[in-house]
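User: I'm new to reading protein models and would love a close look at one part. Could you take me through the nonpolar core and the contacts around it?

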Amino acid sequence: MPGYLIANLKVTDPEGFERYRVGVPAVIAQYGGRYVVRGGTMEKLENADGFNRMVVLEFPSLDAARAFYFSPEYAPLLKLRIESTDSQVVLVDGYSP
């Protein structure tokens with residue numbers, strides 16, 4: 001069953017975030033992940049004032065998503081993201097009927 005990393009980002013340092021944005025795709029791919037949502041136009045419908053830039057990553061499993069997030073390859077990029085955004089991040093199990 002797939003696992004997802006879902007992030008809501010408010011960019012506070014555009015230059016730092018650009019370095020993160022350029023560096024992270026290779027690490028995501030290394031752990032079998034892919035972008036499902038990467039920014040884009042957002043239509044806010046209900047109580048969505050806190051939503052900013054949404055990112056959804058799909059991984060083969062929740063364990064793979066967790067391995068990405070806690071990996072040594074992602075650690076310097078994570079530090080950069082934390083320093084350049086206000087963000088909320090969760091890991092979520094996918095749905096399989």
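Analyst: Here is a walk through the core, followed by the residues and charged pairs that go with it. Please keep in mind that this is a predicted model.

Let's begin with the core itself. The largest nonpolar core has 18 residues. Those with the most contacts inside it are Tyr20, Val24, Leu57, Phe59, Phe68 and Tyr74. Which elements give two or more residues to this core? They are strand S1 (3-11), helix H1 (14-30), S3, H2 and H3. H1 gives the most, with five residues.

Now look at the aromatic rings. Seven aromatic pairs are counted in the structure. Ring pairs join Phe17, Tyr20, Tyr31, Phe59, Phe68, Tyr69, Phe70 and Tyr74 into a cluster. Four of these names may sound familiar: Tyr20, Phe59, Phe68 and Tyr74 are also listed among the core residues with the most contacts.

Tyr74 is a good place to zoom in. Leaving aside residues up to four places away in sequence, Tyr74 touches Tyr20, Val24, Val27, Phe68, Tyr69 and Arg81. Its backbone nitrogen also has a partner: the side chain of Ser71 reaches that atom at 3.0 Å. Where is Ser71? You will find Ser71 in the loop between H2 and H3. Is Ser71 buried or exposed? Ser71 counts as buried, because its relative accessibility is 3% and the limit for buried is under 20%. With residues up to four places away in sequence left out, Ser71 touches Val27 and Tyr31. Val27 is thus a shared neighbour, as it also appears in the list of residues that Tyr74 touches.

Next, move to strand S3, where Arg53 has its place. Arg53 is partly exposed, with a relative accessible area of 24%. Not counting residues up to four places away in sequence, Arg53 touches Ala7, Asn8, Leu9, Phe17, Arg21, Arg38, Gly39 and Met42. Arg53 and Val11 are 42 residues apart along the chain, yet their C-alpha atoms are separated by 8.0 Å. One of the residues that Arg53 touches is Arg38, and Arg38 in turn lies over the face of Tyr35, at 4.4 Å from the ring centre.

Finally, let's turn to the charged pairs. Side chains of opposite charge can pair when their charged atoms come close. How many salt bridges does a search of the whole structure find? The search finds four. One of them joins Glu58 and Arg34, with the closest N and O atoms 2.8 Å apart. This pair links distant parts of the chain, since Glu58 is in strand S3 (residues 53-59) and Arg34 is in strand S2 (residues 34-38), 24 residues apart. Glu58 is buried, at a relative accessible area of 18%, while Arg34 counts as partly exposed at 46%.

Two further salt bridges sit within helices. Asp63 pairs with Arg66, the closest N and O atoms being 2.9 Å apart. Both residues lie in helix H2 (residues 62-69), three residues apart, which is about one turn of the helix. Here Asp63 is exposed, with a relative accessible area of 56%, and Arg66 is partly exposed at 35%. In helix H3 (residues 75-84), Lys79 and Glu83 are four residues apart, again about one turn. Their side chains meet in a salt bridge at 2.4 Å, N to O, and Glu83 counts as partly exposed, with 49% relative accessibility.

How values were computed. Residues numbered from 1 in each chain as written. Predicted model: local features only at pLDDT ≥ 70, side-chain atom pairs only at ≥ 80, totals over all residues. Heavy atoms only, no water. Buried < 20%, exposed > 50% of the residue type's maximum accessible area, 1.4 Å probe, protein only. Phe/Tyr/Trp six-rings, centres within 6.5 Å; stacked < 30°, edge-to-face > 60°. Lys NZ or Arg CZ within 6 Å of the ring centre and 35° of its normal. Core = buried A, V, L, I, M, F, W, Y, C linked by side-chain atoms within 4.5 Å. Contact = heavy atoms within 4.5 Å. Polar contact = N/O pair within 3.5 Å; in protein donor to acceptor, adjacent residues only side chain to side chain.
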